[in-house]
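Here are a few friendly notes to read alongside the model. Please keep the structure open as you go through them.

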Amino acid sequence: MTRNRPRPSRRAVLGGAAGAAMAVAAGAGSAEAAATRATWPTQFPLPDGWLPEGITIGRGPYAYMGSRADGAVYRTDLRTGEGRVVHEGGTGLAAIGLKLDHDGLLYIAGGGGGTARIIDSRTGELLRTHRLTGATGHFVNDVVLLGDRAWFTDSYGPVLYGVPRGRRGGVRALPLTGDWEQTPDVINANGVVSTPDGRGLIVVRMTAGELYRVSLRTGRATRITLVGADDVVNGDGLVRVGRTLYVVQNRLDLVSVWDLDARAGTATLRRTITDPRFDVPATAARFGDRLYLVNARFTSPQTPETTFTAVAVDR
């Protein structure tokens with residue numbers, strides 16, 4: 001027996017047509033946006049002698065890059081490649097890793113100065129300076145924003161520092177325990193990102209070439225098992241998109257791309273990204289389907305006349 005199928009109402013037909021039209025329009029808009037981004041420059045200059053290392057990008061198409069020379073911050077429009085200094089820095093300062101918050105505040109790792117600085121990315125005004133470590137024997141290297149704190153690594157000390165993202169609260173020191181083994185006189189903790197579940201951090205131990213998952217509750221560090229490669233030696237900046245982890249291996253001039261399992265207990269090598277324009281890239285930031293990397297040129301003369309660039313690659 002054949003059942004009579006109910007005929008769709010006029011409202012349903014019109015609604016379906018409208019939905020299809022909106023889907024087509026959205027697809028066209030996405031394609032148009034992708035085509036527009038495809039015309040954006042994939043390389044742009046930084047000031048001579050800038051000595052870059054960190055880069056961060058927020059929701060808008062602007063990259064912020066710090067200077068190891070004097071702690072200044074340079075902003076580049078990704079659409080044009082044009083830029084300007086937004087924060088002048090000063091004598092004895094350094095800007096190593098940096099992250100842009102949703103409220104426009106930049107959190108800056110101060111390197112050997114042992115500080116964390118917070119500046120307004122729109123005005124360049126220095127808002128606060130937090131003393132994290134002693135003035136010698138430490139190196140505040142990178143930073144990630146998670147929850148109510150900005151977490152900073154110390155390359156010469158087995159500890160993370162949590163700086164409050166609001167005006168209240170003090171700095172929290174979180175000693176690294178568990179599998180973490182601190183090696184004297186070499187760079188240990190470097191790049192840092194949050195875990196996929198948002199409950200902890202992933203830290204790269206640069207000289208040893210190891211990745212660790214760190215509990216923010218206890219400080220326990222658990223070594224992540226690597227599949228497909230023995231190590232991530234020279235691991236510097238980290239970028240995580242979902243369960244994909246990008247590790248910038250600076251002096252190897254490559255970015256290794258890893259698939260994390262749900263608990264970030266295992267990382268499986270998927271591929272590597274290389275580019276002839278890489279010249280010891282230190283860190284990376286994501287915007288759309290691109291990674292933007294700064295060339296630190298650690299193996300070149302670090303003089304006021306040395307030229308520096310940032311480059312973009314497909315991710």
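The points below cover one strand with its two partners, and then a pocket.

1. A word on the basis: this is a predicted model, where local features need pLDDT of at least 70, side-chain atom pairs count only at pLDDT 80 or more, and totals for chains, interfaces and linings use all residues. Numbering starts from 1 along each chain as its sequence is written, and side-chain values use heavy atoms, with hydrogens and water left out.

2. Do look at strand 22, residues 254-260 (strands are DSSP runs of E, at least two residues, numbered from the N terminus). Six of its seven residues are buried, meaning under 20% relative accessible area with a 1.4 Å probe, protein chains only.

3. On one side, strand 22 pairs antiparallel with strand 21 (residues 244-249) over six bridges; pairing requires at least two DSSP bridges between the strands. Tyr-246 sits opposite Val-257 in strand 22. Four residues separate the two strands of this hairpin, and Asp-253 in the turn has a positive phi of about 55°.

4. Strand 22 is also joined by six bridges to strand 23 (residues 266-273), again antiparallel. Here Val-255 faces Ile-273 in strand 23. This hairpin has five residues between its strands, and Ala-264 takes a positive phi near 55°.

5. Which residues lie closest to the centre of the largest pocket? They are Thr-56, Ile-57, Gly-58, Lys-99 and Leu-100, out of 31 lining residues. The lining divides into 14 nonpolar, eight polar and nine charged residues, with Gly counted as polar.

Methods:
Buried < 20%, exposed > 50% of the residue type's maximum accessible area, 1.4 Å probe, protein only. 1 Å grid on protein atoms, 1.4 Å probe; cavity = no way out; pocket = protein on both sides within 12 Å on 5 of 7 lines; lining within 4 Å.
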